[in-house]
Amino acid sequence: LPRCLPADDVESLIAACDATDKVGMRDRAILLLLARLGLRSGDVASLRISDISWPQATIRVNGKSQREALLPLPQDAGDAILAYLEFGRPRVQSEHVFLRCCAPFRPFAHGGPVSLIVRRAFLRTGIKTPSLGSHILRHSVASEMLRQGTPLYGIASVLRHRSIAT
């Protein structure tokens, strides 16, 4: 079975981000997307402002195999993204939501920097886990949904798996 984190550890990772700091705002928003929706690091890196529908509270994700999915945007993740966009994000012409924190302010080229943000959060909190990457948060979302009684097809739908066997 995939390894996962207890819910308290997930919340500790999120809380480890300094929400008063520009980098902390960005990292908190990223961790919330990973921890609440089970997004892949590449999904977060490629997220564009136009992918977010504020009135409908949804987020459009183009993940693996370029399959598009419309997911509900949790309130706390939406609030964190909005705070980052308003107060933390550098004022540059880019459609991407998340940018590097050092000049030149460009979007992430791939999901590697997102996984590095998760790794740094693990190191800040001291949480011990066999994997320090972002994928453990995806497994944690699935495990928590299963514990709450979500059927496998519902979990597969949120995680955008073609088969419930995955």
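Analyst: Buried means under 20% relative accessible area, exposed means over 50%, and partly exposed covers the range in between. The model discussed here is predicted.

User: Which residues of strand S3 point to the buried face?

Analyst: The side chains of S3, residues 68-72, alternate between two faces. Glu-68, Leu-70 and Pro-72 point to one face and are not buried. The other face carries the buried residues, Ala-69 and Leu-71.

User: Which residue stands opposite Leu-71, and which stands opposite Ala-69?

Analyst: Strand S2, residues 58-62, runs antiparallel to S3, and five bridges join the two. Across from Ala-69 in S3 stands Val-61. Across from Leu-71 in S3 stands Ile-59.

User: Which strands are the edge strands of the sheet?

Analyst: The sheet is open and consists of three strands in the order S1-S2-S3, with antiparallel pairing. An edge strand here pairs on one side only, and this applies to S1 (52-53) and S3.

User: Where is Ala-57 found, and is Ala-57 buried or partly exposed?

Analyst: Ala-57 belongs to the loop between S1 and S2. Its phi is near 55°, a positive value in a residue other than glycine. Because its relative accessibility is 35%, Ala-57 counts as partly exposed.

User: Why are the buried residues of helix H1 said to lie on the same side?

Analyst: In H1, residues 7-15, the buried residues are Val-10, Leu-13 and Ile-14. These residues lie on the same side of H1 because they cover an arc of only 95° around the axis. On the other side of H1, Asp-8 and Ala-15 are exposed. The value behind the placement is thus the arc of 95°.

User: Against which helices do the buried residues of H1 pack?

Analyst: The residues in question are Val-10, Leu-13 and Ile-14. Their packing partners are three helices: H2, H5 (112-125) and H6 (135-147).

User: Are H2 and H5 roughly parallel or roughly perpendicular?

Analyst: The axes of H2 and H5 come within 10 Å and cross at roughly 100°. Angles of 65 to 115 degrees count as roughly perpendicular. The crossing angle therefore makes the relation of H2 to H5 roughly perpendicular.

User: Which residues of H5 meet H2?

Analyst: From H2, the meeting residues are Arg-26, Asp-27, Ile-30, Leu-31 and Leu-34. Their counterparts in H5 are Val-114, Ile-117, Val-118 and Ala-121.

User: What is the relative accessible area of Val-118, and which residues does Val-118 touch?

Analyst: Val-118 is placed in helix H5, and is buried because its relative accessible area is 0%. Its C-alpha atom is separated by 10 Å from that of Ser-131, which is 13 residues away along the chain. Not counting residues up to four places away in sequence, Val-118 touches Leu-31, Leu-34, Leu-132, Gly-133, Ser-134 and Leu-137.

User: Which element supplies the largest share of the largest nonpolar core?

Analyst: The largest nonpolar core has 40 residues, and Leu-33, Ile-59, Ile-81, Phe-98 and Leu-137 touch the most other members. At least two residues come from each of H1, H2, H3 (41-45), S2, H4, H5 and H6. The largest share, nine residues, comes from H2.

User: How many residues form the second core?

Analyst: The second core is separate from the largest one. Its members include Val-141, Met-145, Ile-155 and Leu-159, and its total is five residues.

User: Which residues does Ile-81 touch?

Analyst: Ile-81 is one of the residues that touch the most other members of the largest nonpolar core. Leaving out residues up to four places away in sequence, Ile-81 touches Ala-29, Leu-33, Ile-52, Trp-54, Leu-73, Val-97 and Phe-98.

User: Is Ala-80 buried or exposed, and with which residues is Ala-80 in contact?

Analyst: Ala-80 lies in helix H4, residues 75-88. A relative accessible area of 5% is why Ala-80 counts as buried. Neighbours within four places in sequence aside, its contacts are Met-25, Arg-28, Ala-29 and Leu-32.

User: How far apart in space are Val-23 and Arg-89?

Analyst: Val-23 is found in helix H2, residues 22-37, and counts as partly exposed because its relative accessibility is 27%. Val-23 and Arg-89 are 66 residues apart in sequence, yet their C-alpha to C-alpha separation in space is 8.5 Å.

User: What is omega for the cis peptide bond at Pro-104?

Analyst: Pro-104 is found in the loop between H4 and H5. The cis bond joins Ala-103 and Pro-104, and omega is about -5°.

Key
Residues are numbered from 1 along each chain as its sequence is written. This is a predicted model: local features need pLDDT of at least 70, side-chain atom pairs count only at pLDDT 80 or more; totals for chains, interfaces and linings use all residues. Side-chain values use heavy atoms; hydrogens and water are left out. Buried means under 20% relative accessible area, exposed over 50%, partly exposed in between (1.4 Å probe, protein chains only). Helices (H or I, at least four residues) and strands (E, at least two) are DSSP runs, numbered from the N terminus. Two strands pair if DSSP finds at least two bridges between them. The arc is that of the directions from the helix axis to the C-beta atoms. Contact means heavy atoms within 4.5 Å. A nonpolar core is a set of buried Ala, Val, Leu, Ile, Met, Phe, Trp, Tyr and Cys residues joined through side-chain atoms within 4.5 Å. Axes are lines fitted to C-alpha atoms, for helices over the stretch in contact, and angles run from 0 to 180 degrees between N-to-C directions. Angles under 35 degrees count as roughly parallel, over 145 as roughly antiparallel, 65 to 115 as roughly perpendicular and the rest as oblique.
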